[in-house]
Amino acid sequence: MPALRSIIEPTDRQRGLSALGCAQFSQPRTGDGFVEIACFWRVEPGNQMPISTKISLRLMNEKGEQVLQSDQIIVASGLPHIPYPKPITAFYMIPLPPSLPAGSYTLRAIPYTDVEEISPRVVTPVQVRP
């Protein structure tokens, strides 16, 4: 696993999912098209996660304003219905608008079900180069 510089923010909506963090694999240039992110999840013993669990990936600028949002399935193959002893790696390609300026951003990864946002939220620094 790469070094993770994420902050894990638990909420009161614990549903059996935990996170180790997220990492940016490469720093795209403005106009390159995508930010590539990997997040590492774990299903807690005794819990089942709905196969339809999704993730809302929200990019925030230095002022704390949301500049884009990409919602995706949390794990392409679905979360296992039984606890898995190792972290589950999920890769996300977040499309960047060509007008997004270079700079430092914060990625907020928020898992959710068909009913509600769930815990944990993962906050990770992201860079876009000029």
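This is a short chat about the strands, core and bonds of one predicted model.

Q: Before we dig in, what kind of model is this, and how are residues numbered?
A: The model is predicted, so local features need pLDDT of at least 70 and side-chain atom pairs count only at pLDDT 80 or more, while totals for chains, interfaces and linings use all residues. Residues are numbered from 1 along each chain as its sequence is written, and side-chain values use heavy atoms, with hydrogens and water left out.

Q: OK, sheets. What's the strand order in the sheet of 5 strands?
A: That open sheet runs 1-8-7-4-5, with antiparallel pairing. Strands here are DSSP runs of E with at least two residues, numbered from the N terminus, and two strands pair if DSSP finds at least two bridges between them.

Q: Which strands sit at the edges there?
A: Strand 1 (7–9) and strand 5 do; each has a single partner strand, so one side of each is left without a neighbour in the sheet. The twist averages 25 degrees from one strand to the next, using lines fitted to C-alpha atoms as axes and angles from 0 to 180 degrees between N-to-C directions.

Q: How many bridges hold strand 7 to strand 8?
A: There are 7, and the two strands run antiparallel. One spot to look at is Thr106, which stands opposite Pro125 in strand 8.

Q: And strand 4 with strand 5, parallel or antiparallel?
A: Antiparallel, over 7 bridges, with strand 5 covering residues 66–73. Lys54 has Ile73 in strand 5 as its bridge partner. The hairpin of these two strands has 5 residues between them, and Gly64 there takes a positive phi near 85 degrees.

Q: Why point out a positive phi?
A: Because most residues other than glycine have a negative phi.

Q: Let's switch. What's the strand order in the sheet of 3 strands?
A: That open sheet has the order 2-3-6, again with antiparallel pairing. Strand 2 and strand 6 are its edge strands, each pairing on one side only. Strand 3 is joined to strand 6 by 8 bridges; Val35 stands opposite Ile94 there, and Cys39 stands opposite Ala90.

Q: Which residues of strand 6 are on the covered face?
A: Ile88, Ala90, Tyr92 and Ile94 are, whereas Thr89, Phe91, Met93 and Pro95 make up the uncovered face. In a regular strand the side chains alternate between the two faces of the sheet.

Q: Now the inside. How many residues are in the largest nonpolar core?
A: It has 28 residues, and Ile37, Trp41, Leu59 and Tyr92 have the most contacts inside it. Such a core is a set of buried Ala, Val, Leu, Ile, Met, Phe, Trp, Tyr and Cys residues joined through side-chain atoms within 4.5 Å. Strand 3 gives the most to this core, with 5 residues.

Q: What does Tyr92 touch?
A: Leaving out residues up to four places away in sequence, its contacts (heavy atoms within 4.5 Å) include Val35, Ile37, Trp41, Leu57 and Ile74.

Q: Which cysteines form a disulfide?
A: Cys22 and Cys39 do, with their sulfur atoms 2.0 Å apart; the rule asks for a pair of cysteine sulfur atoms within 2.5 Å. Cys22 lies in strand 2 and Cys39 in strand 3, so the pair ties together parts that are 17 residues apart in sequence. The link is right-handed, with 100 degrees about the S-S bond.

Q: Is Cys39 buried or exposed?
A: Buried, at 0% relative accessibility, and Cys22 counts as buried too, at 1%. Buried means under 20% relative accessible area, exposed over 50% and partly exposed in between, with a 1.4 Å probe and protein chains only.

Q: Which rings form an aromatic pair?
A: Phe25 and Phe91 do, and the pair is tilted: 6.1 Å centre to centre, with 40 degrees between the planes. Rings of Phe, Tyr and Trp (its six-membered ring) pair if their centres lie within 6.5 Å; planes under 30 degrees apart count as stacked, over 60 as edge-to-face and the rest as tilted. Phe25 is partly exposed at 45%, and Phe91 is exposed at 60%.

Q: Last one: where's the cis peptide bond?
A: It joins Ser119 and Pro120, with omega about 0 degrees. Pro120 lies in the loop between strand 7 and strand 8.

Definitions and conventions. Helices (H or I, at least four residues) and strands (E, at least two) are DSSP runs, numbered from the N terminus.
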